[in-house]
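Reader: I should like to request a close look at a single part of this model, namely the interface between domains. Please set it out in one connected account, with whatever context is needed to place it.

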Amino acid sequence: MTTSERRAADLPHLWLPYSQMQTTPWPATAIRTSGSTIFLDNGQELVDGIASWWTACHGYNHPHLRAALMAQCEVMPHVMFGGMVHEPAKRLASRLASLLPGDLERVFFTDSGSVAMEVAVKMAIQFQLNNKRSARTKVLSFRGGYHGDTLGMMSICDPEEGMHNLFSGALPQQIIADLPVDTASTEALERVLQEREHEIAAIVTEPLVQGAGGMLFHAPSVLKTLRTLCDRFNILLILDEVFTGFGRTGTMFACEQAQIVPDIVALSKALTGGTMALAATVARQTVFSAFLSDDPGKALMHGPTFMANPLACAVANASLDVFEQEPRLEQVSRIEAQLKNELAPCASLPNVRDVRVLGAIGVVELENMPNPEHLKQAFLKLGVWIRPFRNIVYLTPAFTVTPRELSQLTSAIYTVLKHAS
């Protein structure tokens, strides 16, 4: 059978993400996972370099997470969260509030990072409306940013990033600026805020790392600048920690490195250790207070059907247990040192623009991307699961990845890029 015939036979009904289904290669079929290994139906074993889109921070099949899932399944797999609550959600909300900085203490559960960000923006706009600032309905976000693929979130992603520009005519028009990384960009942002302060409900950014926009790093001082400007112009600061939350940058939450408290933070991905779909939007008490009223119209009218799913909440609690019981942040520090050492030789290769590392994130940025599918197939032949995108090849492994597994990943990147160049 040809590749297209095999694809048609094996995928008669699936619609794959980020794929042109007419030409997409026949995908690998996973049958089992363990630790940092994905087992395929053809007998191949792959070291996972991206932890299933950055979620499986404890590796796959952690016994404590599995036990929590099975125990909760015996008791109550799901119950609606409208009009009733349950213990796994109450416990998880309390633990998140205690872990997050400042008075981030009101937790609204959803089931994906995009929806958590939708709720964050909705909260911010309604906060302004409830405070009789009815013109403040715009959101300011930054070039290089990515906040999800839902319609609302597409409007605050970098308009040049490619995936969403097809929809430009259908999206709300928001305000896009450059991150304030130096004097010129800070002054430019201040001018925008001075001119359009009356329109802006919130500023949104990913702290320290703009993930899907290209793994672009910025200093903690940028977050301090944003916090100062938001306070000055009476604008809410929303941090999208969907990617960076739960240890990925070296601290439990990236905003800790700037010693600031956002008004609203969105969490997902590693919240359940990559086991179940769950997300949370957490607001400061000052934000929550604006929704308290005798007027029912001032309530937050949002409620996903599977919000606070008990299975997911139980697994998230188990994941937080593991953070308490096992040396995850120390492991991230070890990964960071190894990535810096072992990816450094890539800087000497032709076509490599930059090599950068932060926490358990290693990035090799290219001048231009060769055929990414060819690169992916070359990585598969070397027994690693790495998915290049845009102009980068990156690693975001499980925090439990062994030094030997990590060396296999970094060596594969050097070997494949050397041959590609």
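Author: A salt bridge here is a side-chain nitrogen of Lys or Arg lying within 4 Å of a carboxyl oxygen of Asp or Glu. The model to which this rule is applied is a predicted one. Its protein chain is divided into domain 1, made of residues 8-58 together with 327-419, and domain 2, which covers residues 63-325. The centres of domain 1 and domain 2, taken over C-alpha atoms, are 27 Å apart. To their contact, domain 1 contributes 26 residues and domain 2 contributes 30 residues.

Under the rule stated above, the number of salt bridges between domain 1 and domain 2 is zero. Polar contacts are nevertheless found: ten residue pairs make them across the interface of domain 1 and domain 2, with both residues of each pair at pLDDT 80 or more. Together the two domains bury about 2300 Å² between them, and 67% of that area is on carbon and sulfur atoms. On the side of domain 1 that touches domain 2, the elements giving two or more residues are the helices α2 (51-54) and α11 (328-343) and the strands β13 (352-358), β14 (361-366) and β16 (392-395). Sorted by class, this side of domain 1 holds 19 nonpolar, four polar and three charged residues.

Salt bridges do occur elsewhere, since a search of the whole structure finds 18. In one of them, the side chains of glutamate 324 and arginine 95 meet at 3.2 Å, N to O. Glutamate 324 belongs to helix α10 (residues 310-325) and arginine 95 to helix α4 (residues 87-99), so this pair ties together parts that are 229 residues apart in sequence.

As for the wider setting, the secondary structure of the protein chain amounts to 13 helices and 16 strands. The radius of gyration of the chain is 22 Å, close to the 22 Å that the globule rule gives for 421 residues, and the chain is therefore as compact as a globular protein of that length. Along its principal axes, the C-alpha trace spans about 65 × 55 × 45 Å.

Notes:
Residues are numbered from 1 along each chain as its sequence is written. This is a predicted model: local features need pLDDT of at least 70, side-chain atom pairs count only at pLDDT 80 or more; totals for chains, interfaces and linings use all residues. Side-chain values use heavy atoms; hydrogens and water are left out. Domain bounds come from an automatic or database domain assignment. Contact means heavy atoms within 4.5 Å. Buried area is the accessible area (1.4 Å probe) that two parts lose on being put together, summed over both. A polar contact is a pair of N or O atoms within 3.5 Å; within protein, one must be able to donate a hydrogen and the other to accept it, and residues adjacent in sequence count only if both atoms are side-chain atoms. Helices (H or I, at least four residues) and strands (E, at least two) are DSSP runs, numbered from the N terminus. Ala, Val, Leu, Ile, Met, Phe, Trp, Tyr, Cys and Pro count as nonpolar, Asp, Glu, Lys and Arg as charged, and the others, Gly among them, as polar. The radius of gyration is taken over C-alpha atoms; the globule rule is 2.2 Å times the number of residues to the power 0.38.
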